[in-house]
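Visitor: Please take a close look with me at a single part of this model, and explain slowly how that part is put together and what lies around it. I am in my first year, so please say what each term means when you use it.

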Amino acid sequence: MPEGPSILIMKENLQHFVGKTVTEASGNAQFDKDPLIGRTLIEIRTFGKQTYLVFGEYAVRIHLLMFGSYSVDEQTKPDKSLRLSLQFHTESMYFYTCSVKLVDKNFLESIDWEADVMSEAWSPEKAEQKLKARPEMMVCDALMNQDIFSGVGNIIKNEVLFRIGVQPESLVGKLPAKKRKELIKEARNYSFDFLEWKKAFVLKKHWLVHTKTTCPECGQKLVKKQTGLGKRRSFYCEKDQKLYV
């Protein structure tokens, strides 16, 4: 599943469509696309793993899910995979195998933009309040919780927990205050490192534990385990990452 930094890159690749008018709309997404025709794309907003194409009183929400993708100016996948196609006179954008919904302006106003770890509106104070309210939650689940850390995915989770020396099954309420603050700080820091490396096509070269077999610090074999309520893959070192329970 694309994480927040990848969604920001998609936004950048689509930004030149802002100010242009939709001439055609099609695809197998289950909503009436006619209201989009003749409307101008006012802005593109992102919230974690979600993208919003804003057309005044309407917005199209794009969530790439596990296997979604997009293309510009050329349809690169078959019609059965095409959720939405938007034509803008001489240019076009296509979204495949993803969730596409039409929402109204009020929906956008209901979003807690301060939960997006890569947003200028990001509030570490609010994130800490939310963590304190969930003391029994595992830290692996907390990092993947989009209401707390919108945009964080499994790669960021594994790398952040290694950076701060915490095992994924540690309980939020058992973390020392210093570690809780490190968790919040590094969730944002690593997301921007991810963005920089992704743009340079060197992201995987910088992974320390994600999909790895040995610890880069001590050389001990890493644990690979499905952890938390979501049963997502975790890679961690039992020696260099402490379990807080």
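Guide: Phenylalanine 107 is partly exposed, with a relative accessible area of 30%, where partly exposed covers the range between buried, under 20%, and exposed, over 50%, as computed with a 1.4 Å probe on protein chains only. Before going further, please keep in mind that this is a predicted model, in which local features need pLDDT of at least 70 and side-chain atom pairs count only at pLDDT 80 or more, while totals for chains, interfaces and linings use all residues. Residues are numbered from 1 along each chain as its sequence is written, and side-chain values use heavy atoms, with hydrogens and water left out.

Let us now turn to the rings. Rings of Phe, Tyr and Trp (for Trp, its six-membered ring) are said to pair if their centres lie within 6.5 Å, and a pair is stacked if the planes are under 30 degrees apart, edge-to-face if over 60, and tilted otherwise. By this rule there are six aromatic pairs. In one of them, tyrosine 52 and phenylalanine 107 have ring centres 6.3 Å apart and planes at 40 degrees, so the pair counts as tilted. Tyrosine 52 belongs to strand β3 (residues 50–55) and phenylalanine 107 to helix α2 (residues 105–109), so that the pair links distant parts of the chain, 55 residues apart; helices and strands here are DSSP runs numbered from the N terminus, with H or I over at least four residues for a helix and E over at least two for a strand. In contrast to the partly exposed phenylalanine 107, tyrosine 52 is buried, with a relative accessible area of 0%.

Tyrosine 52 has another partner, tryptophan 113: their ring centres are 6.3 Å apart and their planes stand at 70 degrees, so this pair is edge-to-face. Because tyrosine 52 lies in strand β3 and tryptophan 113 in the loop between α2 and α3 (124–132), the pair ties together parts that are 61 residues apart in sequence, and both residues are buried. When the ring pairs are followed from one residue to the next, they link Phe47, Tyr52, Phe107 and Trp113 into a cluster.

A charged side chain can be placed beside this cluster as well. A charge sits over a ring if NZ of Lys or CZ of Arg is within 6 Å of the ring centre and within 35 degrees of the ring normal, and arginine 45 lies in this way over the face of tryptophan 113, at 3.9 Å from the ring centre. Elsewhere, lysine 33 lies over the face of phenylalanine 31, at 5.0 Å from the ring centre.

The next residue to consider is glycine 48, which is found in the loop between β2 and β3 and is buried, with a relative accessible area of 5%. Leaving aside residues up to four places away in sequence, glycine 48 touches Gly4, Ile7, Asp116, Ser150 and Gly151, contact meaning heavy atoms within 4.5 Å. Glycine 48 and aspartate 104, on the other hand, are 56 residues apart in sequence and 19 Å apart in space, C-alpha to C-alpha.

Gly4 and Ile7 lead us to helix α1 (residues 4–14), which is mostly covered, since eight of its 11 residues are buried; Gly4 and Ile7 are among them, as are Leu8, Ile9 and Met10. The buried residues of α1 pack against β2 (43–47), β3, β5 (69–72), β7 (91–96), α5 and α6, and so strand β3, the home of tyrosine 52, comes back into view.

Strand β7 in turn borders a loop with an unusual backbone angle. Most residues other than glycine have a negative phi. Threonine 97, found in the loop between β7 and β8 (99–104), has a positive phi of about 45 degrees although it is not a glycine, and threonine 97 is partly exposed, with a relative accessible area of 32%. Threonine 211, in the loop between α6 and β9 (223–227), likewise has a positive phi, of about 70 degrees, and is partly exposed, with a relative accessible area of 37%.
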